[in-house]
Each structure stands twice: as C-alpha cells, then as structure tokens.
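Me: Please take a close look at the charged side chains of this protein, and go through them slowly, one after another. I would also like to know how confident the predictor is.

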Amino acid sequence: MNACGSEKKETSAPEPAVTTTSSPESVAAAPQLTLSVHQGAVDHQIAGAGDWTRGVEGMTLEVQDHVKTLAFSTAVIHFADGSRVKLHPNTELAVDVFTLKNGGPPNGHRISKVRIVNGGIDFDVAEAHSDESIWQFITQDGVVAIQGTAGTLISTKTLTDSTYKEYETTVTKPDGTTVLVVTEEIVTIAPDGTTTTTTTDRNAEGDGGDDKGWVTKTVAVVKPDGSTTTRTETQQTTDGG
C-alpha cells in the first residue's frame with residue numbers, strides 16, 4: 001500500500017528482443033575431417049605447430065593437421081564423402097589436401113592427398129564416378145593413386161625403384177560380382193614439384209566368361225598449387241594381353 005491508500009501495480013519491463021543472424025560459419029556443413037579414437041591414446045598436432053596434444057574422440061581436424069598413434073593405439077579419420085582411413089599403431093599421417101566439388105562423390109568430384117609420414121594404414125575410399133576425382137596416398141617411397149574404386153587394396157612394392165608400384169584391387173561391380181584389377185603405377189616429380197602419376201589398370205580376368213579384357217591408362221598431373229589435370233584412355237584386349 002502507498003501513502004494514498006491505493007495499490008501500486010508493478011509491471012515488468014519487456015524483455016529485449018533477441019535477433020539471430022546467420023553467418024556462413026553458423027550454417028556451415030558438417031566437418032570435412034573428424035577423428036575417431038578406437039584404442040589407446042592418440043596425439044594431434046595443429047598444422048604449422050610444433051607441439052603435440054592429446055586427440056579427443058570426435059574432434060574436428062583441419063587440412064594439414066597431423067595425427068599420430070602410439071604403440072598400442074589405433075584411430076580412424078572420417079572424411080565428409082564417407083571415406084575412412086585407419087591408422088595402425090605407431091603411425092603418423094596428415095591430410096594435405098581434401099576438397100569436394102559439386103557435392104563430392106558419387107556424382108561430384110573429390111581431390112584428396114593423404115601423407116603417410118610413417119607406419120601403416122587400412123582404408124576404405126568412397127567410390128567416385130567423376131574422372132576428375134583423385135585420391136593419393138603419399139609415402140616415403142612415392143605416391144599410390146586410388147581412382148575412386150571400391151574394394152580391398154593390397155599394396156606390394158615389387159621393384160627397388162621407388163617410382164614404380166604394382167598392386168591388386170578387388171573391385172565390386174553394381175551387380176555384386178567382383179573383378180581383380182592389376183595396377184602398375186609410375187610416379188615422376190619435376191624440379192618445380194609437379195607430380196605426374198601414370199597408372200595402368202588391367203583386369204586380370206576376362207569379363208562375361210570370354211577372354212576379352214580391358215586396359216585403362218590414366219595420367220594425372222598435380223601441380224604445386226594443388227590444381228589437377230587427368231587424362232584417361234581405355235582399350236579392349238584379348239587373352240588378357
């Protein structure tokens with residue numbers, strides 16, 4: 001009651017309006033690279049930094065970050081296109097380049113370069129139908145190019161020349177059947193850093209129950225700025241020749 005004997009009504013001030021603005025960052029798509037810690041401890045190094053910190057399950061990785069497993073640990077790097085790379089124990093790698101264009105696979109294209117500093121990996125690369133797509137694993141011996149094939153890769157270096165590799169890929173076709181593809185690869189690096197990868201894929205078994213096979217030759221040129229040009233030619237062969 002106030003001095004005049006009348007009741008004073010208190011009214012609360014209206015709450016200020018909250019205005020939300022959307023920035024490109026707030027509506028950004030899911031991270032391009034994420035880390036999954038499967039076992040033990042995993043270390044992480046920010047691109048350009050000297051110190052290592054402990055990696056955390058589900059953390060976002062940036063291009064050129066380094067990830068390192070210890071003696072009894074394993075981890076998986078998940079890529080936005082559905083590809084996965086599993087690090088064996090005592091392995092260090094960095095994703096030097098990962099770019100999706102036109103939505104990425106299966107209909108768009110992707111450029112990826114994964115550097116294996118040391119150690120070993122398992123991988124499952126999402127299939128990409130675009131001829132412009134390229135996936136490269138860079139090792140101490142050279143470069144292995146994966147042209148968007150689905151299946152299991154067993155990589156075996158057969159010559160002492162580090163610019164030559166031969167490996168087999170089991171490709172699963174849309175009808176569920178598989179075909180064994182033998183790949184020969186020659187990598188040359190020019191003084192300016194331009195990398196030319198010449199890949200020759202040859203199916204080891206004839207398709208359709210006959211003796212006809214095919215040979216596909218792909219020449220991929222990657223310049224130091226990351227730009228890529230690719231040329232592919234396919235020829236039919238007989239008797240696996």
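Reply: **Charged side chains, pair by pair**

The protein contains 18 strands and zero helices. What you see is a predicted model, and its mean pLDDT is 73, with 68% of the residues at 70 or more. Of the 241 residues in the protein, 34% are buried, and the protein exposes about 14200 Å², half of which, 50%, is supplied by carbon and sulfur atoms. Among the contacts with a separation of 6 or more, 37% are between residues 24 or more positions apart.

Now to the charges themselves. Side chains of opposite charge can pair when their charged atoms come close. When the whole structure is searched for such pairs, four salt bridges are found, and the bridges among them that I will describe are D43 with R54, R110 with D81 and R115 with D96.

Begin with D43 and R54, whose closest N and O atoms are 3.0 Å apart. Because D43 belongs to strand β2 (residues 42-45) and R54 to strand β3 (residues 53-54), this salt bridge ties together parts that are eleven residues apart in sequence. The two partners have contrasting surroundings: D43 has a relative accessible area of 13% and is buried, whereas R54, at 52% relative accessibility, counts as exposed. The reason for these labels is that buried means under 20% and exposed means over 50%.

The next pair is R110 and D81, whose side chains meet in a salt bridge with an N to O distance of 2.5 Å. R110 lies in strand β9 (residues 109-118), while D81 lies in the loop between β6 (74-79) and β7 (84-87), so this pair ties together parts that are 29 residues apart in sequence. Here R110 counts as buried, with a relative accessibility of 0%, and D81 counts as buried too, at 13%.

Strand β9 also holds R115, which forms a salt bridge with D96, the closest N and O atoms being 2.8 Å apart. Since D96 lies in strand β8 (residues 92-101), this bridge ties together parts that are 19 residues apart in sequence. R115 counts as partly exposed, at 36% relative accessibility, but D96, at 16%, counts as buried. A further residue to find beside R115 is F137 in strand β11 (residues 134-138), for F137 and R115 are 22 residues apart in sequence and 5.9 Å apart in space, taken from C-alpha to C-alpha. F137 counts as buried, with 3% relative accessibility.

A charged residue without such a partner deserves attention as well. D65 lies in the loop between β4 (60-61) and β5 (66-69); D65 is buried yet has no salt bridge, and R115, the nearest side chain of opposite charge, is 13 Å away. Because a salt bridge requires the nitrogen and the carboxyl oxygen to be within 4 Å, R115 is not a partner for D65 at 13 Å. What the side chain of D65 does make is a polar contact with the side chain of H44, at 2.9 Å. Once its neighbours within four places in sequence are left aside, D65 is in contact with several residues, including H44, Q45, I46, L93 and V95.

Another charged residue worth finding is K101, which belongs to strand β8 and counts as partly exposed at 40% relative accessibility. Leaving aside neighbours within four places in sequence, K101 is in contact with G108 and H109. The C-alpha atoms of K101 and E132 are separated by 9.9 Å, although these residues are 31 places apart along the chain.

Finally, consider the predictor's confidence in these parts. Confidence in the protein is highest in β2, with a mean of 95, and lowest in strand β13 (residues 151-156), with a mean of 35. Over residues 16-28 the pLDDT is below 50, and in the model this stretch has two contacts beyond near neighbours in sequence. Over residues 150-162 the pLDDT is likewise below 50, but there the stretch has 27 contacts beyond near neighbours. As you return to the picture, you may keep in mind that D43, the buried partner of R54, lies in β2, where confidence is highest.

Conventions: Residues are numbered from 1 along each chain as its sequence is written. This is a predicted model: local features need pLDDT of at least 70, side-chain atom pairs count only at pLDDT 80 or more; totals for chains, interfaces and linings use all residues. Side-chain values use heavy atoms; hydrogens and water are left out. Helices (H or I, at least four residues) and strands (E, at least two) are DSSP runs, numbered from the N terminus. Buried means under 20% relative accessible area, exposed over 50%, partly exposed in between (1.4 Å probe, protein chains only). Lys and Arg count as positive and Asp and Glu as negative; His and the chain ends are not counted. A polar contact is a pair of N or O atoms within 3.5 Å; within protein, one must be able to donate a hydrogen and the other to accept it, and residues adjacent in sequence count only if both atoms are side-chain atoms. Contact means heavy atoms within 4.5 Å. Accessible areas come from the Shrake-Rupley method with a 1.4 Å probe; for residues, only the protein chains shown count as cover. pLDDT is the predictor's confidence in each residue, from 0 to 100.
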